[in-house]
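Let's take a walk through this structure together. Please have the sequence and the 3D view open side by side.

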Amino acid sequence: MSRKYDLVTIGRAALDLNAVEINRPMEETETFQRYVGGSPANIAIGSSRLGLNVKFIGKLGDDPFGRYTKQYMEDQGIDMSDAVIDNEGHPTALTFTEIKSPSESNIYMYREEVADLNLKPEEVNEETIANTNILLISGVALAKSPSREAVLKALEYAQAHDTKVFFELDYRPYTWESHEETSVYYTLVARQADVVIGTRSEFDRLENVENGDNEQTVKDLFKFKPELIVIKHGVQGSYAYTKDGDMFEGRIYETEVLKSFGAGDSYASAFLCALNEGQDVPTALKYGAAAASIVISQHSSSEAMPSLDEIKQKIKDNE
């Protein structure tokens, strides 16, 4: 479809403070580097870097962190006209990251009464949803009201205007009250999405099971709207399943790993960019794997989002 936007993301934009002193615990860390963070914000940034016309829907605190985040995203070419500034005293969320080793990174989120979870349904613009090819919903935005209802309103608008919905599970345990609550809302949205993307453990939270099975997962979800499901298994690669019965396996690309976070957001932005370009699913898996391998080799997530040329070069180098 030819619409004003290729992609609209909805949910959180936050400030990441990544430890500069790597390979040491947080207790010994003294210096942090500031970046824009939050899965929907990172995916918006990554997609804009890849040439997509992107808009962001969310709420930012009326504070220096919110102003910095808004300006940075605008500088990345993202339309921020639907970013609401909170006037009720809710702050922009903060995230501290600890890089203890290439395989052990920890994320400490400060998300009590934050602005992004206070986005209201009436603050979601129907015209924006009607004028985008893809609406990307992040699972964290479903964790609390009124953000939960705002996302469901956006989903309703997407259905009314035949806008494709990508659901990125993005499970953060400290945002939810229980596994049962997570399963209820993840299931509600997943069944109405066109594409669902997540790790195997995130799909376990959707199903409220332990050590779930891919075949059972896709069998259950394909009874509903999804046409494509992507289940990531870390170093074992990823698997994409279509409603027509096809299964495609994507491998990871070797890289010098600095940290273990940021891969999912870069994967999602590159994967959906490939599909938006009209590429087939196997190619989209390559885009996602290449982008993820680039981001985990660098200190930031948002600033490390690769260009299309970098992704294609990474694929070429690993073929």
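We will start with a sheet and then turn to the nonpolar cores. This is a predicted model, in which local features need pLDDT of at least 70 and side-chain atom pairs count only at pLDDT 80 or more, while totals for chains, interfaces and linings use all residues. Residues are numbered from 1 along each chain as its sequence is written, and side-chain values use heavy atoms, with hydrogens and water left out.

Look for an open sheet of 4 strands in the order β3-β2-β6-β7, with mixed pairing. Strands (E, at least two residues) and helices (H or I, at least four) are DSSP runs numbered from the N terminus, and two strands pair if DSSP finds at least two bridges between them. Because β3 (32–37) and β7 (104–110) each have a single partner strand, one side of each is left without a neighbour in the sheet. Strand β2 (residues 14–19) pairs with β3 in the antiparallel sense over 6 bridges, and D16 stands opposite Y35 in β3.

Now find helix α2 (residues 64–75), which lies across β2, β3 and β6 (94–101). Within this helix's range, M73 touches A13, V36, A41, A44, I45, F56, I78 and M80, not counting residues up to four places away in sequence; contact means heavy atoms within 4.5 Å.

M73 also belongs to the largest nonpolar core, of 47 residues, and is among the members that touch the most others, along with L7, I78, V230, F271 and I311. Such a core is a set of buried Ala, Val, Leu, Ile, Met, Phe, Trp, Tyr and Cys residues joined through side-chain atoms within 4.5 Å, where buried means under 20% relative accessible area (1.4 Å probe, protein chains only). Helix α9 (residues 281–295) gives the most to this core, with 9 residues. A second, separate core of 38 residues includes A143, A150, V196 and F222.

Methods. Buried means under 20% relative accessible area, exposed over 50%, partly exposed in between (1.4 Å probe, protein chains only). Axes are lines fitted to C-alpha atoms, for helices over the stretch in contact, and angles run from 0 to 180 degrees between N-to-C directions.
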